[in-house]
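Colleague: I would like to learn how to read a few features of a model like this one. Could we go through them in turn?

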Amino acid sequence: MTRIQLACYALLASAAVLAGLLLVQINSHVPAAEAAMVIARDNYSLMTASTRQGEEALFIVVGDKLLIYTTDLRGARGRLNLSRAADLGQIFAALPGAGAPGGAPGGGARPR
C-alpha cells in the first residue's frame with residue numbers, strides 16, 4: 001500500500017467519523033413537542049404548550065371541535081386570543097385515505 005492510498009483511507013475514515021458526529025449533533029438540536037398540562041375528561045380534552053418564544057397556547061377539544069387560544073407571556077398577560085376554531089371531522093376527512101373503505105388507513109380491511 002502506497003502512502004497516497006493510506007492517506008486516502010485516512011481521509012475517508014475521518015470523513016465518516018465527522019459525518020457521524022454531525023448527525024448526532026443535528027438530532028440533539030431538534031426540538032420536541034412537550035405539553036405542560038393535559039386534562040382529559042368525558043367529552044373534552046385541554047392541553048397547554050409553549051408554541052413560540054414568549055407565547056403559550058391552550059388547545060381545547062370538545063367532541064369534534066378544536067379551539068386554540070394563545071397568550072403572550074411578554075405583553076398583556078392574562079389575555080387569551082382565539083387563534084383558531086376548527087371542525088376535526090373536516091380536517092381528518094381531508095387527509096389522504098380518509099374516505100377509504102374498511103376504515104383502515106390506505107384502504108382495505110383491518111388485519112385480524
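Modeller: Start with contacts: two residues touch when they have heavy atoms within 4.5 Å of each other. Keep in mind that this is a predicted model.

Colleague: Which residues does Glu55 touch, not counting residues up to four places away in sequence?

Modeller: With those sequence neighbours left out, Glu55 touches Ser50, Thr70, Thr71 and Leu73. Glu55 itself belongs to strand 3, which covers residues 55-62.

Colleague: Is Glu55 buried or exposed?

Modeller: The cut-off for buried is under 20% relative accessible area. Glu55 has a value of 17%, so Glu55 is buried.

Colleague: How do I read the sheet, and what is its strand order?

Modeller: Two strands count as paired if at least two bridges are found between them. Here five strands form an open sheet in the order 1-2-3-4-5, and the pairing is antiparallel. Strand 1 and strand 5 (81-87) lie at the edges with a single partner strand each, so each has one side without a neighbour in the sheet. On average, neighbouring strands are turned by 15° against each other, direction ignored.

Colleague: How many bridges join strand 1 to strand 2?

Modeller: Six bridges join strand 1 (residues 35-41) to strand 2 (residues 44-52), and the two run antiparallel. Met37 has Thr48 in strand 2 as its bridge partner. The connection from strand 1 to strand 2 is a hairpin through two residues.

Colleague: And over how many bridges do strand 2 and strand 3 pair?

Modeller: Strand 2 and strand 3 pair over eight bridges, again in the antiparallel sense. Two positions help to fix the register: Met47 is opposite Phe59 of strand 3, and Ser45 is opposite Val61 of strand 3. The hairpin between strand 2 and strand 3 has two residues between the strands, and Gly54 in this hairpin takes a positive phi near 80°.

Colleague: What should I expect of side chains along a strand?

Modeller: In a regular strand, side chains alternate between the two faces of the sheet.

Colleague: Now the surface. Which residues make the nonpolar patch?

Modeller: Met1, Leu6, Tyr9 and Leu12 make a nonpolar surface patch of about 530 Å². One of these residues, Tyr9, is found in helix 1, residues 3-28.

Colleague: Why is Tyr9 classed as exposed?

Modeller: Exposed means over 50% relative accessible area. Tyr9 is classed as exposed because its relative accessible area is 53%.

Note on methods. Residues are numbered from 1 along each chain as its sequence is written. This is a predicted model: local features need pLDDT of at least 70, side-chain atom pairs count only at pLDDT 80 or more; totals for chains, interfaces and linings use all residues. Side-chain values use heavy atoms; hydrogens and water are left out. Helices (H or I, at least four residues) and strands (E, at least two) are DSSP runs, numbered from the N terminus. Buried means under 20% relative accessible area, exposed over 50%, partly exposed in between (1.4 Å probe, protein chains only). Axes are lines fitted to C-alpha atoms, for helices over the stretch in contact, and angles run from 0 to 180 degrees between N-to-C directions. Patches are made of residues with over 30% relative accessible area and no salt bridge: like charges are joined within 9 Å, nonpolar side chains (Val, Leu, Ile, Met, Phe, Trp, Tyr) within 5 Å. Accessible areas come from the Shrake-Rupley method with a 1.4 Å probe; for residues, only the protein chains shown count as cover. A salt bridge is a side-chain nitrogen of Lys or Arg within 4 Å of a carboxyl oxygen of Asp or Glu.
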